[in-house]
Structures are given as C-alpha cells and as structure tokens.
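Thank you all for coming. I would like to walk you through a structure that is new to most of you, so please keep the sequence and the picture in view while I talk.

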Amino acid sequence: MRSAFPQLQDYLALSAQRFPDKIALVCGARRVSYREIEESSNALAGGLAARGVVRGDRVIIFADNTVETVVAFWAALKANAVAVLVNPLTKADRLRYLLADCRPTALITDGHLEGVWKGVAGAPHLKALVVSGRVNPVLRAGLSTLAAFDELLAEGVSQPSPPSLNIDIDLASIVYTSGSTGDPKGVMLTHRNMLTAATSISSYLGILEDDVILNTLPLAFDYGLYQMIMAFRQGARLVLERSFTYIAEVLKVASAERITGLPGVPTIFAILAEMKSLDKFDLSSVRFVTNTAAALSLKHIDFLKQAFPCARIYSMYGLTECKRCTYLPPVDIERKPTSVGIAIPNTEVWVVDDQGNRVGPGVVGQLVVRGATVMKGYWEKPEATARKLKPGLLPGEQVLWTGDYCKMDEEGYVYFMGRMDDIIKSRGEKVAPKEVENVLVSLSGIREAAVIGVPDDLLGEAVKAFVVLEEGAQLTAKEIQNYCQSKLENFKVPKVVEFMAELPKTDTGKVKKTGLQ
Amino acid sequence: MDLKSQIRAFITKNFYVPDGATIADEASLLDQGVIDSTGVLEVIGFLEDNFHLQIEDTEMLPENLDSIDRLTAFVERKRGASPLPE
C-alpha cells in the first residue's frame, strides 16, 4: 500500500491486510475472503504478465457478474493494465468493434459466451485469451493463446507479482458508452478519477466496513463496478448477483445476507413496486437505497419510503464521463423530490448558456462539471473529446460539458431537464437511436428507419422504431425484432415497431423526429 | 403440440436464440443471454395467459424458470396443484 499516492488496487490490498479472513464477496454458493481475492488477483496478474501483458495494455473482461470477473478486474490493474469491462449481453459485432477500438492484449471471458467471442479469438493483438467455465477442447487445441482461467491462476502463483509501475494519472479503466453517432466511445478513467469518485460517493453514502451491499447491476455498468470498488475500499461485503431477473431468488439472498445497501436503477424499483409479496422478504436490514441512471418518479420515491422505512434514500445523477455529478441528500427528498441534488463532495457544478456564460437560478442551460472525477477523454477520439472537455476556471484545466439540460434553484439544487442529444435511456442503459437505425436498415427489406424513445412505466423509456419497407418487402415486427436481437444488446431492441409509408422529412431531406411518437 | 414444444416455440419465437433449433432443453436461459429482467416478465405473461396459471412473485426463481425443461416442469407442477382455498 503506497498510502501517500494510492492506486485503485490498493483498496483491495489494504482491506486484505486489515481483514484477511473476512468474506469480501458472496456470489451464488461461493463465499470468498479478502485474502483469497488478493492472492488470486496477484496470481492472475502474474499469469497475464507472463503472457506478455505490460503497462498500459488494455485487458477486456467480457463476462457476467462472477468471482472470476471480480478477480480479473483487480488482476488487470495489478498487471499495470487498463481494465475494460464489457456487458455480457454484448453481441459479436459490437465486441469486434470494441476489440478493434482498444486492441487489448488480453481477453478474459467465459465459456458460455463462446458463440460471441469465438470470431475475435484469433485477433493478432491478443496475447492471452483466458476462459473461465467450460473450455472448448477443439478451440483450445487450435489456439496457443487460450488458457483456462484456473490454469493461468496456477501458472501465476509461481510467478513474481508484477511490480507496480503506474502513477495515479495512468488509466485504470475504459468504460464504453453509447454515443449519438452510434459508435461506442471509450471513456478513459485514471486511477485518480476513480479513487476520487469512490471516495466522494462513499463519503456521502456513509459506507461502513460492516455494510453488506447487494449488487445486481452488471459490473460492466460503471455504477455496478463502483459497488464493488466502494465495498472493497471500506472492507465491507459485496453480495453479487448476476442480474435482477429471478427476483425471488435475489430477494431471498438479500434477506439471508442481511444486506444494508441496495443500489438500483428505476426499472429495478419499478419491478419491486409491482410485487404483491415484497413483505414476504425481510429487508429490514437495509440502511441505504441509491438510485441512478434516470430520475426516480415521485410514485417510486413514495414506494421506497414505505418499503424501506429505516433506510436513507438517495436520488443521484451522473454520467460515465465523470461518474457522478450530484446527489440529493436524503433529508431533502421530501422538500425537493424532483431535484437531483447538489454537487458530490470535491466537485463543482454550474449551468451555462450556449456561449459558456453562467446563468442564474431557474434558467435552463447545460450543466458543467469541474473536479478530479472528470474523465481523461474518449479513447482515440479527439474530436468527440473536444466537444465534451473544454477550458475551465484555471489556465489549462478542463471541465466537462455534460450535454444535459439542467437548471438550478436559489439554493444551488440541480434539476435535470433533458438531454441535448437524442440518446434514449431504457432500463437505465443508454441507447443511441443511430446505432439501432443502422442495424434496422442493414436488414434487407427495410428502406428507412427512425428510432425514438417513448415513455414506459417499467423501462423509463422504451425504444420505438418507425420503419419504411422496400417495395414488395414483407417483414413482420417480430422478424425485425429478432434480427435486432441478433445484433444488439437486449435493451436496445425496439419494443415497438411501427410501419410507415414514409418518414416525415425536413426541407433538406433529414428525418424529422419531432413529429414521431 | 405438447407442453414442452409450446414453451420452446414461445422462447425461440419471442427471444433471440443464437441457434434456435438446438437450444438444449436444460440450457440456462440466463447463460444463453435469452432472457433478462424484463424478458422474464414476458415469459410469466405467456405462462399465465396460455396455461391459465397464477404465478406468484415468490415463484420467480431460476429453478422454476431458467430452462425449457424447468419451465415445463414448473407448468406441470402448477397445473397438478390443487387451487388455493378461497
């Protein structure tokens, strides 16, 4: 532990020193101690280094919420590499794009996702393809880079741990996010970015070492990842579930583990609110509930207050580019239920007009964020970076222009008013209409397509597609959706497909989406 | 069509199954990326509407729902069970 200038992985090392035998992670039937995670991640880091992963290399971790994913994240950092977690719902085309974009030297994944990664397994930049779960013997025989996860762990035990070479302005992680052009952009986050965000969020949530945090969000979703980082920072316990799909199972575990922290997104709380038998599960141990990704409705705030009477309820707002902008202190939730709150500790926010001048209370403009959580930029996308990172208060500093319309009240509380781009937020995940439209028009028989978000009780916004077919083409909505499912993550697939004779256009021939609903 | 075939037909028609013809009866639908937290609600709706069942929140467990085999057995159990007393 280099306490003066810590790096992210020092959180794990320190907790492993303080509480070696404490159960850090509960995942299905497995209960894993801090010591075990520290030792496994050291061994895997040694194994990765032995295979040629060096400082600054990207390591893609494409897997579910598993013990192996947790170990792989810390191992990548310990190997001085940059951890890139990728949602296991990702389909082959997008995975191929991500590999081409950041050219990782290692891909850590799982056997059950083989159908998705098989096509990129031979990418020339990959020095190690590490597979947990079932390893296909045929692939294995033909690919010298392929190693079983446990095998690489065993190899690494005899290796010296890689020396720590990074400094805290080096990258710890790249988180891919959907941009309005449809191509994913890699948000570059340094160790200092992530240390600052974890410290800031932990401080206002008041996370303690006896907390037990339930995480059902994908670790590839930055707020899911931060649950793990913050739990390990504090020496607390993380209960990791693969998803919220089998809700009775999740709640049984939550109750048995006496969870104290329940992070979620509005869709999760909407599902909970619809349950008839929530009271069959004892969730009385919960002391804090946090919401992010999209605003909580007043109805759901009321539900949470009723369902978790002893818990503090945090409504929060942020974006991957700075992790988190604001949080509403729980004491204010009655007074200002529609506000997303105040800047998180050690961050400043303000609202500007198109010229960059600060505007007064009540005036809607773009929210700007200043602080050490602001990303380093988008990976190899200088133009996109320049649109978001602009000169700040001090010479040479950069602040984040969020691209979100907000206003502030007299007391400095922020109200989210909408996005400047047309990104849809469905189930808490970002969906770029352009990406979905590109997939739609790639289907033979579709001439044009336009995609918008429409209000949906469960999803926040549902993806809706307007489609114009070519002469004589015959496609059903289901066929179109199935095609999209083969190309896109589930949450991007249009829930509704409407057929049109033509799309409304502007004088210049661009599709006019304002008329669509 | 027997019960299992009806369930298989619903799954392969309504969800993306990479290789519809060969998805194994015992394969985990979650592992295969076939269903997720909102997809499972569609499965529940299908079971309730088509087989006239009432499915409780507390039954939303992987052992009941996470493969074609398990779904079939679950529906059979539900159908065999006597209705709850009024």
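**The cores, the domains and the second chain**

Let me begin with the largest nonpolar core, which has 164 residues, and in which A:Val59, A:Ile61 and A:Ala83 are those with the most contacts. A word on terms: a nonpolar core here is a set of buried Ala, Val, Leu, Ile, Met, Phe, Trp, Tyr and Cys residues joined through C-beta atoms within 7 Å. A residue is called buried if 20 or more other C-beta atoms lie within 10 Å of its own, exposed if 12 or fewer, and partly exposed in between, with the C-beta atoms placed from the backbone. The largest share of this core, nine residues, is given by helix 3 (residues 67–78) of chain A. Both domain 1 (33–187) and domain 2 (322–421) of chain A give residues to the core, so the core lies between them.

Before going further, I should say that this is a predicted model, in which local features need pLDDT of at least 70 and side-chain atom pairs count only at pLDDT 80 or more, while totals for chains, interfaces and linings use all residues. Residues are numbered from 1 along each chain as its sequence is written, and chains are lettered from A and ligands numbered from 1 in the order in which they are written.

Let us stay with A:Ala83 for a moment. Which residues is A:Ala83 in contact with, leaving aside its neighbours within four places in sequence? They are A:Val59, A:Ile61, A:Phe73, A:Ala76, A:Leu77, A:Ala172 and A:Ser173, where contact means that the C-beta atoms of two residues, placed from the backbone, lie within 7 Å. Apart from the largest core there lies another core, of 24 residues, and among them are A:Ala450, A:Ala462, A:Ala465 and A:Ile480. As general background, nonpolar side chains tend to be buried together in soluble globular proteins.

Now to the division of chain A, which has domain 1 (33–187), domain 2 (322–421) and domain 3 (424–515), with bounds that come from an automatic or database domain assignment. The centres of domain 1 and domain 2 of chain A, taken over C-alpha atoms, are separated by 33 Å. Their contact takes nine residues from domain 1 of chain A and seven residues from domain 2 of chain A. On the domain 1 side of that contact, the elements of chain A that give two or more residues are helix 4 (92–102), strand 8 (171–178) and strand 9 (184–190), and strand 9 of chain A gives the most, with three residues. Helices (H or I, at least four residues) and strands (E, at least two) are DSSP runs, numbered from the N terminus.

Within chain A, please look next at helix 2 (residues 34–50) and helix 7 (residues 149–157), whose axes come within 7 Å and cross at roughly 90 degrees. That crossing makes helix 2 of chain A roughly perpendicular to helix 7 of chain A, a label used for angles of 65 to 115 degrees, whereas angles under 35 count as roughly parallel, over 145 as roughly antiparallel, and the rest as oblique. The axes are lines fitted to C-alpha atoms, for helices over the stretch in contact, and the angles run from 0 to 180 degrees between N-to-C directions.

Two loop residues of chain A also deserve a look. A:Asn80, in the loop between helix 3 and strand 4 (82–86) of chain A, has a positive phi near 65 degrees although it is not a glycine, and A:Asn80 counts as buried, with 22 C-beta neighbours inside 10 Å. A:Arg427, in the loop between strand 23 (424–426) and strand 24 (429–431) of chain A, has a positive phi of about 55 degrees and is likewise not a glycine, and A:Arg427 counts as buried because 26 C-beta neighbours lie inside 10 Å.

Finally, chain B. Its secondary structure comes to four helices and zero strands, and buried residues make up 29% of its 86 residues. Is B:Ile7, found in helix 1 (residues 3–14) of chain B, buried or exposed? B:Ile7 is buried, with 25 other C-beta atoms within 10 Å, and, leaving aside its neighbours within four places in sequence, B:Ile7 is in contact with B:Ile68, B:Leu71 and B:Thr72. Where chain B meets chain A, the contact takes 20 residues from chain B and 25 residues from chain A, and helix 2 (39–51) and helix 3 (62–65) of chain B are the elements that give two or more residues to the chain B side.
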